[in-house]
Amino acid sequence: MIPASAVARAPVALGCLLVIAVSSFGAGNVKSLSPSEALQAFRVAPGLRVELVAAEPDVVDPVAIAFDERRRLYVVENRGYPDPMDGKSAPAIGRVALLEDRDGDGRYETRHEFATGLSYPNGVLPWRGGVFVTCAPDIFYLKDTDGDGVADVRRVVLTGFNTTRTAQIRVSHPTLGLDGKVYVTSGLNGGKVTSPEHPGRAPVSFTVADGRFDPETLEFESLGGRGQFGLSFDAYGRRFISSNRHPVMHVVLEPAWLRRNPHLAFAESVQNVSKVEAEAVVWPVSRARVTADFIPALMSKPHSGTYTSASGVLIYGGTGLGDGFNGNAFICESAQNLVQRQVVQADGATFRSEPAVRGSEFLASTDSWFRPVSLANGPDGALYVVDMCRREIDHPAYVPEESRGKLDFASGGDLGRIYRIVAQGSRTSAPAELSNVGLVRALESADAWWRELARRLLIERSAVDVVEAIERTAAESRRPEARVQALWTLHGLGRLRAEVIEVAARDASAGVREQAVVLAGRRLAADSRFGPMLVRAASDADARVRYCAALELGSWADERAVAPLAAIALRDGADRWSRAAVFSGVGGRVEGFRAAVASGRAGASVAAFGAVMEELGRLVGASSSIPSAGAWLAEACAAARGEAWRIPAVLGLAEGLRGRSEFKGKAGAGPLAAAAEAGPGALVLEEFLRYAAATAADAARAVALRSAAISLLGHAPFERGLGALGPLLDPRQAPELQLQVVRALERSGDARGAEMLADAGRWSRYTPQVREAAVGALVSKPAMAKVLFAAIERGAIRPTDISSTRRSQLMKHANADVKAAATRLFQSLEGGDRMAVYRDHKAVLAEASDAARGAPVFARACSACHSFRGAGGKVGPDLTGMRNQPADALLLHILVPNYEVMPAYQAITVTTQDGRAISGCVTAETDASLTLRTASGAEETILRGSVAATVAAGVSLMPDGLEQTMTRQELADLIAHLKSESAQ
């Protein structure tokens, strides 16, 4: 193998510092290798071999493939990539090729021009003798009806998917789910989708969200998940997606479940299964010599040795690789010329994965033109790899304009390869018989491709003549994967009997029981017999089965659902997904659920019970009557002093009450005082707050409990405890406690709290993360902003300590006094052309610099948001590996952070009903709530009912004016530090 410090890049999400795609400039082979030479360049896992399936001119720029039942190969060719940067119309040169292996040697040598004249096609799925093809703004249905290999049917079945962003960030990956729906990734894009074949239907509008449609009715719906280019189901119907720096993500919870409870402050739907960003390590073997001398004036987000272009995630389900690979995740990393294998394991309601082998990859190439972009299971059980084969895989949009002309984006535009990977000595399997009886046998295949094909064809044919045989497969097959396919085949045929589901619900395989729960839930409204089945599933030994039972029971209006929901909460309440599943379905049954939790708490862990009581308190506060809230408060206050759930329970209550319309604009203890008046009385509440203050200050108590106590005090009058927490604003205290004090003072909104934060002695000792949080608190309300202004005027705080984003926020404030004071203090800092500042500072690049001196500069000015070599914040991109980038490009994006910013990292400001202003990037949103990540790294979920106004600034969270926080020498040293060799 050839070791490398590859810096190959594919387009990645932009953060506070520009993130672009830089693919091994000047690295590796300048000219492309021939197909035979490329085969010799591969390094594959022991015991396996790589075979060539097709190559140019039979395939050109392939990005996706699919086999039909005749084992013919559809190949989507995105020949127009990258799309023009000059605003011209997209060239309609994309194609779908149909390849055949007529001599049976495994090489697909016969090509048909199945469809031409497409813009940027990127996905294909066989259906009813034709194929669905994603090609934004449309999804086409193409079919050859006369057998000449060319589509003579060409229908736009759905349209309205956005094309406002670059060609690789669009709807893609049509994939058939167990439920018979076709799932697609959003490509980090939105749309307003309609079907030309059903003009009477209302359009489905969405921002960034994946979706699905019924292939028969063409009804489209928006779903959870934000996949970029990669979507795969495992054998039990769990959906996995990928995006550049997030190799494997699991879509755990659909927003539709969360919509059942508008008072649930939970907006997430996706779990990172793999390590992500700087921790998502890869081991390339291609050479990469990315130097500042080779490409002047280029900025990127270098992450050599970590994922930058993850795509095409596939949960492999075949026999061609041999034992030990089934159910593994495979992910392409086109920028660094490799495919990684990860082992997936259950982790509560979701999963986690790790590279199968550390230090080497499943498949890697020394050929820097090898660009794997997608993967597929094949009819022979092999793993198929789609290689776009390009000199540069970047999109010009993510390269600074002055450098675009220096890069060769066209080379490789006439190339393309498809490979298969199989075990040494493996043989091609015989094709299954495609009669209905033969397809039932194929449901039991060891290869996922045949199982999925059999289900699809049986449903397409309405094969009711083999229902009894399918039922036997569902009950008796030795493969649990086959039993699942049989269940859903019966469902798709409309012949799934309740008795078959009942048998599946008692299956030895947890995956089969999980699908039985899902199918039972679909019928519950019409058939109450499934209720007891779901109640039984609530006590299943498997966490995923219990999780699915919680989701389905939440839609059952019967009171018999309450006790099992409580049981799941008490058993799995420490898991956020299980907790969200339960509370999404509690809805108007709060009192009954509360009683069930109280009666069943004996076996619950401290962590689970505390988390459940906090969430339940939040629900009581948001949705129950004030007398009920008072009763909840009285119960918590009266419980034994050592009960760890008391403080979380009251904290949840306070947060729930705070969002109610009757308490709009009332800070301090207004909401809690109202509950106390209806419950235990003011004196009891005061005593409890003293207990919370003592807990917060007690170093012997658990940090999590102290943090909850601090947060609770933020809902009380300042004099009830917050004033005594100044000693916790000390760098010797746990960061979680320091940040929680800042947030509590912000929530309180009391000017005395602002004085604590702005104290000159404390200010100089804050870590960058705590300082950024303190600034956010001080600008959140007019009363606190005035304290900030006074501290600036007396010299306790420097104006440059306030970021440009914050300064702009204050200078545009709705409060006239705040706006005037901010303008007076900050106007001089906001003036000037940022590019002029950049040009003025280019001279620092010629000065002598010291990387060691740059380390404390990074810690002071950058580490609150960015990490470097494992230390720092995670708001913006990790900067490890920046040494490979040009110094002048680093300078450009340090001084002009808004030079190029992706929408996902643009800041918005949300003003809440109680007057708080919260700035950050949206990380998750549902119909009921949205989650912001602030510049301090904290995440805050806000119920939409609590939002008074939202303003999108269209800028990065990274501030302008960093040059004002350091000398020119320090700036030179900072750049030297970022470009220094790793200590590892």
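Which helices do the buried residues of helix 9 pack against? In this predicted model, the partners are helix 7 (480-493), helix 8 (498-505), helix 10 (530-537) and helix 11 (543-553). The buried set of helix 9 runs through Gly511, Val512, Arg513, Glu514, Gln515, Ala516, Val517, Val518, Leu519, Ala520 and Gly521. Because 11 of its 14 residues are buried, helix 9 is largely enclosed by the rest of the structure. Its length also fits expectation: at 1.5 Å a residue, the 14 residues of helix 9 (residues 510-523) should span 20 Å, and the end C-alpha atoms are indeed 20 Å apart. At the N-terminal end, helix 9 is capped by Ser509, which places a side-chain oxygen 3.3 Å from the backbone nitrogen of Gly511.

Turning to the strands, an open sheet of four strands follows the order 11-12-15-16, with antiparallel pairing. Strand 11 (172-176) and strand 16 (220-222) take the edge positions; each has a single partner strand, so one side of each is left without a neighbour in the sheet. On average, neighbouring strands of this sheet are turned by 25 degrees against each other, direction ignored. Within the sheet, strand 12 (residues 182-185) and strand 15 (residues 211-213) run antiparallel and are joined by three bridges. One of the residues involved is Val182, whose bridge partner in strand 15 is Phe213.

A further antiparallel pairing brings together strand 33 and strand 34 (residues 939-943), with five bridges between them. Here Thr931 stands opposite Thr941 of strand 34. Four of the five residues of strand 33 (residues 929-933) are buried, so this strand is largely enclosed by the rest of the structure.

Aromatic side chains offer another view of the model. Searching the whole structure gives 25 aromatic pairs. Among them is the edge-to-face pair of Tyr316 and Phe330, with 5.9 Å centre to centre and 80 degrees between the planes. Tyr316 belongs to the loop between strand 21 (310-315) and strand 22 (329-333), whereas Phe330 belongs to strand 22, so the pair ties together parts that are 14 residues apart in sequence. Both Tyr316 and Phe330 are buried. Trp763 and Tyr766 also form an edge-to-face pair, at 5.6 Å centre to centre and 65 degrees between the planes, and both of these residues are buried. Elsewhere, ring pairs join Phe67, Tyr108, Tyr384, Trp449 and Trp450 into a cluster.

Conventions
Residues are numbered from 1 along each chain as its sequence is written. This is a predicted model: local features need pLDDT of at least 70, side-chain atom pairs count only at pLDDT 80 or more; totals for chains, interfaces and linings use all residues. Side-chain values use heavy atoms; hydrogens and water are left out. Helices (H or I, at least four residues) and strands (E, at least two) are DSSP runs, numbered from the N terminus. The expected span of a helix is 1.5 Å times one less than its number of residues. Buried means under 20% relative accessible area, exposed over 50%, partly exposed in between (1.4 Å probe, protein chains only). Contact means heavy atoms within 4.5 Å. A polar contact is a pair of N or O atoms within 3.5 Å; within protein, one must be able to donate a hydrogen and the other to accept it, and residues adjacent in sequence count only if both atoms are side-chain atoms. Two strands pair if DSSP finds at least two bridges between them. Axes are lines fitted to C-alpha atoms, for helices over the stretch in contact, and angles run from 0 to 180 degrees between N-to-C directions. Rings of Phe, Tyr and Trp (its six-membered ring) pair if their centres lie within 6.5 Å; planes under 30 degrees apart count as stacked, over 60 as edge-to-face and the rest as tilted.
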